Amino acid sequence: MLSQISKSKIKSKLNNIYKFSYSKKDLNLYFNEIKNIIQIFNKKNYKKKKIISEKTSMVICYGDNIFNYNKKNSIKVFQSFYQKKLKEYFDTVHFLPFYPSSSDSGFAVKDHYKIDSSLGNWSDIKKFSKKNNIMADIVINHSSARGLWFKNFLKNKNPGKDYFFTVKPTFNISKVIRARDHKLLKEINIFKKKEYLWRTFSADQLDLNFKNPTVLLRFIKIMINLINHGVTIFRLDAIAYLWKEDGTKCINLKQTHEIIKLLRIICNILNVGTIIVTETNLPEKENLSYFGKKDEANWIYNFSLPPLLVHAFLFEDSSYLNEWSTKLPHLKKDNSYLNFIASHDGIGMRPIEGILNKTTINNFLKRLKKNGSKFSYRKIQNKTRKVYEANITIFDALYKSDFDKIGKFANERYISAHAIMFALEGVPAVYFNSLFATSNDEQKYIITGNNRDINRYKWNKKNILNLLKNKDSKQSYFYNTITELLDIRKKQKAFHPNSLRTNINLGSQIFCFKRVSLDKKQTIISITNLTSKSRFPKLSKRYILWKNLINPKSKIIKKKSLKLRPFETMWLTNI
């Protein structure tokens with residue numbers, strides 16, 4: 001049975017979201033349905049906790065990032081590869097959308113209750129989850145224009161009736177914050193009325209109508225279905241755009257935050273340890289707001305990290321990275337940053353708004369273009385376009401710079417970028433292709449014309465295993481080096497996601513910070529040379545004699561100071 005406190009919390013959130021549109025009687029009906037969903041689930045499950053520690057790390061992949069020649073049951077193929085090559089380093093797997101989909105590499109979901117048959121089935125996920133944490137996307141903002149819900153919407157049938165968000169011609173969209181540059185609204189004549197369908201991301205991805213509580217209930221049931229099949233970490237895709245109001249920015253609205261709080265309350269009541277992750281590719285302050293008062297997301301993506309880290313390496317200047325790191329809030333138990341420097345998308349530019357100035361951003365984009373980047377745009381007030389993200393693999397992004405025009409130190413930059421990410425406060429997440437320093441997939445881009453496909457290469461299992469056997473291959477070198485860093489990381493209590501992080505400013509050529517374990521016994525200094533020349537940073541003498549975890553045999557003392565080779569990272573520990 002639900003406690004009185006739990007009941008009150010759920011009722012309060014429903015009231016905050018829907019009080020202006022629904023009567024107390026109606027809201028009580030929705031409350032009873034949510035209560036029944038929770039009680040039925042809890043009767044069949046016993047209480048489990050989710051333990052997060054320095055051993056927690058995530059690999060991000062598509063269900064078919066690795067395949068056999070027949071390209072069937074690719075989740076099983078991934079599992080086989082995982083057992084051979086990844087299980088020692090990753091305890092958590094983020095499978096990007098594995099549902100039947102009509103576009104956008106899985107993000108135009110046709111059916112949330114099925115798995116694409118070419119990838120596998122629910123038993124594959126369930127089996128995998130017995131020894132690993134599984135994160136899956138709840139593609140909550142929109143659904144496919146070619147799915148059952150929209151077909152039923154057009155027929156006024158369930159499920160789908162009133163599921164999609166439409167507005168009248170008088171709806172004021174002048175302040176709407178856009179994520180893309182296509183036409184936002186699509187005119188339709190439905191049930192003898194002229195209305196406009198809302199399409200935040202594409203013509204095939206139609207926004208859902210969360211002003212209809214039935215849609216919210218549907219996604220609570222989808223979440224329960226995922227849990228029943230072994231998923232315990234939920235990535236709320238594009239959640240910031242969920243609620244729209246006439247004359248507003250239609251992003252980060254109060255009702256969106258209240259919906260996340262309601263989902264968090266439900267997750268806390270369920271007899272299973274779960275984690276909610278909000279995907280909000282937004283300026284820093286807005287992104288951080290999704291922690292709420294420790295009552296919204298458990299984790300948020302550290303979206304400012306990728307562009308700031310890449311910029312620091314390309315321009316050999318840690319000034320912006322240092323300033324950002326100093327101001328980044330320290331988080332305590334139950335909250336964490338999800339740190340990443342590469343994903344299935346590109347390098348987001350919105351997170352650096354207000355951190356890098358216009359000239360700096362323009363120079364950054366010019367450098368990325370020289371390195372092979374494509375760019376995706378968003379529309380500003382329906383007039384001008386602005387870069388939304390740089391579409392490029394992280395290896396190519398870091399390959400050359402104005403200081404290193406031939407890529408002499410490309411490998412060093414790439415490894416150090418990962419070493420910094422692994423050492424930062426939070427949980428590290430590595431994109432599958434980053435393990436092998438994959439370059440831009442120009443062939444796929446030419447075929448599809450989709451900018452994001454440049455960073456979504458798919459590997460034949462036999463080919464990648466052969467490359468990993470070859471000690472001289474690029475893939476073998478980066479896989480071995482990155483996994484070695486992860487192996488070191490998981491043995492250090494100072495790298496617990498919530499251990500204290502303190503920035504140490506040693507000037508614009510160095511990026512340095514301190515981590516202290518929760519029990520205060522271990523301290524690690526992560527220090528990186530961000531330049532093409534050896535540097536001798538004036539670090540406190542008591543740190544200089546500490547052991548370098550990354551290379552214990554290295555001679556680090558010269559004239560009582562550290563010697564850092566070009567783009568070298570050291571992890572100095574007191575124990």
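Which loop does Asp 104 lie in? Asp 104 lies in the loop between β3 (92-95) and α4 (122-129), and we will come back to its backbone below. Welcome to a short tour of this structure, which is a predicted model. The stops are a pair of helices, some paired strands, a set of aromatic rings and a few backbone details.

**Two helices that meet**

- Let's start with helix α9 (residues 305-315) and helix α10 (residues 319-327), whose axes come within 8 Å and cross at roughly 145°.
- On the α9 side, the contact is made by Leu 305, Leu 308, Leu 309, His 311 and Ala 312. On the α10 side, Tyr 320, Leu 321 and Trp 324 take part.
- Sorted by character, the residues of this contact between α9 and α10 are seven nonpolar, one polar and no charged.

**Strand β13 and its neighbours**

- Strand β13 (residues 336-339) is covered on both faces. Ser 336 and Leu 338 are buried on one side, and Tyr 337 and Asn 339 are buried on the other.
- Strand β12 (residues 299-301) runs parallel to β13, and three bridges join the two.
- Strand β17 (residues 427-431) also runs parallel to β13, joined to it by two bridges.
- Leu 338 is a good residue to find in the 3D view. Leu 338 of β13 is the bridge partner of Tyr 301, and Leu 338 also stands opposite Val 427 in β17.

**A three-strand sheet**

- Another place to look is an open sheet of three strands, in the order β14-β16-β15, with antiparallel pairing.
- At its edges are β14 and β15 (374-380), each of which pairs on one side only.
- Seven bridges connect β15 with strand β16 (residues 384-391) in the antiparallel sense.
- One residue pair to look up here is Phe 375 with its bridge partner in β16, Ala 390.

**Aromatic rings**

- How many aromatic pairs does the structure hold? There are 42 aromatic pairs.
- One of the aromatic pairs is Tyr 301 with Phe 340, arranged edge-to-face, with 5.5 Å from centre to centre and 90° between the planes.
- This pair links distant parts of the chain, 39 residues apart: Tyr 301 is in strand β12, while Phe 340 is in the loop between β13 and β14 (347-348).
- Are these two residues buried or exposed? Tyr 301 counts as buried because its relative accessible area is 5%, under the 20% cut-off. Phe 340 also has a relative accessible area of 5%, so Phe 340 is buried too.
- Phe 395 and Tyr 414 form an edge-to-face pair as well, at 5.5 Å centre to centre and with 75° between the planes.
- That pair also links distant parts of the chain, with Phe 395 in helix α12 (residues 394-399) and Tyr 414 in helix α13 (residues 410-423), 19 residues apart.
- Phe 395 is buried, with a relative accessible area of 8%, and Tyr 414 is buried at 0%.
- Ten names make up one aromatic cluster, among them Phe 78, Phe 128, Phe 432, Tyr 457 and Trp 459.

**Charges over rings**

- Lys 474 lies over the face of Phe 395, at 4.1 Å from the ring centre.
- The charged end of Lys 458 sits over the ring of Tyr 62, 5.0 Å from the centre of that ring.

**Backbone details**

- Back to Asp 104: phi of this residue is near 55°, a positive value in a residue other than glycine.
- Why does Asp 104 count as partly exposed? Asp 104 has a relative accessible area of 23%, so it is partly exposed. That value falls between the cut-offs of 20% for buried and 50% for exposed.
- Ala 238 is not a glycine either, yet has a positive phi of about 50°.
- You can find Ala 238 in the loop between β10 (233-236) and α7 (254-269). Ala 238 counts as buried because its relative accessibility is 3%.
- Finally, Asn 158 and Pro 159 are joined by a cis peptide bond, with omega at about -10°. Pro 159 has its place in the loop between α5 (148-155) and β6 (166-167).

Technical notes
Residues are numbered from 1 along each chain as its sequence is written. This is a predicted model: local features need pLDDT of at least 70, side-chain atom pairs count only at pLDDT 80 or more; totals for chains, interfaces and linings use all residues. Side-chain values use heavy atoms; hydrogens and water are left out. Axes are lines fitted to C-alpha atoms, for helices over the stretch in contact, and angles run from 0 to 180 degrees between N-to-C directions. Helices (H or I, at least four residues) and strands (E, at least two) are DSSP runs, numbered from the N terminus. Contact means heavy atoms within 4.5 Å. Ala, Val, Leu, Ile, Met, Phe, Trp, Tyr, Cys and Pro count as nonpolar, Asp, Glu, Lys and Arg as charged, and the others, Gly among them, as polar. Buried means under 20% relative accessible area, exposed over 50%, partly exposed in between (1.4 Å probe, protein chains only). Two strands pair if DSSP finds at least two bridges between them. Rings of Phe, Tyr and Trp (its six-membered ring) pair if their centres lie within 6.5 Å; planes under 30 degrees apart count as stacked, over 60 as edge-to-face and the rest as tilted. A charge sits over a ring if NZ of Lys or CZ of Arg is within 6 Å of the ring centre and within 35 degrees of the ring normal.
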